[in-house]
Amino acid sequence: MKAQTLGVLLVAATSLLSAGLAAAQEAANGHAGGHAAHSAAGPSANADASTAAYRAVNEKMHKAMAVTLTGSADVDFMRGMIPHHQGAIEMAKVELQYGSDARVRALASEIIAAQDQEIDLMNKWLASNAARHEAAADAARRAEVKAAFEAANQRMHAAMAVDFSGNADQDFMRGMIPHHQGAIDMAKVALAYGSDPQVLKLAKQVIAAQEQEIAQMNAWLENN
């Protein structure tokens, strides 16, 4: 009788142990599954957010760059470059928020620092010189200067209509290449038609710096 009772107890204990192990396994699977689902949703949400942010920045910049051109190459370059630089800064901030590549993030930080400084320079120049240069602009060449800046802007806006991938690092580099090329084209218009020494110096600096960064971005994209 005692043996029979012991057997029953052993069977019951084994059943309880099996049930407990099954419950623990199910809980573990559910917990892991929850993390897996979260991990799968995380990158997708991040990609959607970075894409939306880049598109918003581009739209804002393109509207801001629709400045009224005066026909003075010096004034129009400085006025047009302010929203252009601000667009680069905003794109760099999107990269810093969503990107992960150390080299891309370093470039974004450099762009913010350099272009903030140049925006300050351009605002100060305009406050002191815009009226004088507008009045002195060659009336015979006003239309030619306006057309040159408009063409540069149109090329840049068309080239920046990239198909965003959701990879913040790649999208930053792919978007910044035509953005930088737009700045180079605008600087070349300033060099062709402008006369102010400070404007010409800045235009040359823009070309040198942004050509170098375009080469850097193309090299990164080839390997990433």
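This passage goes through the fold, one helix pair, and the empty spaces of a predicted model.

Start with the overall layout. The protein chain has six helices and zero strands, so reading from the N terminus simply gives α-α-α-α-α-α. Of the 224 residues in the protein chain, 40% come out as buried.

Next comes the pairing of α2 with α3. Two packed helices are described by the angle between their axes and the distance between the axes. For α2 and α3, the angle is about 160 degrees and the axes lie 8 Å apart. Angles over 145 degrees count as roughly antiparallel, and α2 and α3 are therefore roughly antiparallel to each other. As for handedness, α2 passes α3 in a left-handed crossing. Sorting the residues of the contact of α2 with α3 by class gives 18 nonpolar, six polar and eight charged.

Then there is the matter of empty space. Rolling a probe the size of a water molecule over the atoms shows where such space is left. On the open side, the largest pocket holds about 170 Å³ of space. Its lining is made up of 13 residues, and the closest to the centre of the pocket are Ser72, Ala73, Ala137, Asp138 and Tyr193. Two elements give two or more residues to this lining, namely α2 and α3 (102–136), the helices that also pack at about 160 degrees. Split by class, the lining of the largest pocket has five nonpolar, five polar and three charged residues.

On the closed side, the search turns up one cavity of 30 Å³ or more. The volume of the largest cavity is about 30 Å³. Lining the largest cavity are Met65, Val67, Leu69, Asp76, Gly80, Phe149, Asn153 and Met186. At least two of these lining residues come from α2 (73–98), and at least two from α4 (142–159). The class split for the largest cavity is five nonpolar, two polar and one charged.

Put side by side, the two spaces share a helix: α2 supplies at least two residues to the lining of the largest cavity, and α2 also gives two or more to the lining of the largest pocket. The partner helix is α4 for the cavity and α3 for the pocket. Each lining has five nonpolar residues, with one charged residue at the cavity and three charged residues at the pocket.

Methods
Residues numbered from 1 in each chain as written. Predicted model: local features only at pLDDT ≥ 70, side-chain atom pairs only at ≥ 80, totals over all residues. Heavy atoms only, no water. 1 Å grid on protein atoms, 1.4 Å probe; cavity = no way out; pocket = protein on both sides within 12 Å on 5 of 7 lines; lining within 4 Å. Points joined across faces, edges and corners; volume = space filled by probe spheres on them. Helix = DSSP H or I, 4+ residues; strand = E, 2+ residues; numbered from the N terminus. Nonpolar A, V, L, I, M, F, W, Y, C, P; charged D, E, K, R; others polar. Axes fitted to C-alpha atoms, helices over the stretch in contact; angles between N-to-C directions. Parallel < 35°, antiparallel > 145°, perpendicular 65-115°, else oblique. Left-handed = near helix turned anticlockwise from the far one by under 90°. Buried < 20%, exposed > 50% of the residue type's maximum accessible area, 1.4 Å probe, protein only.
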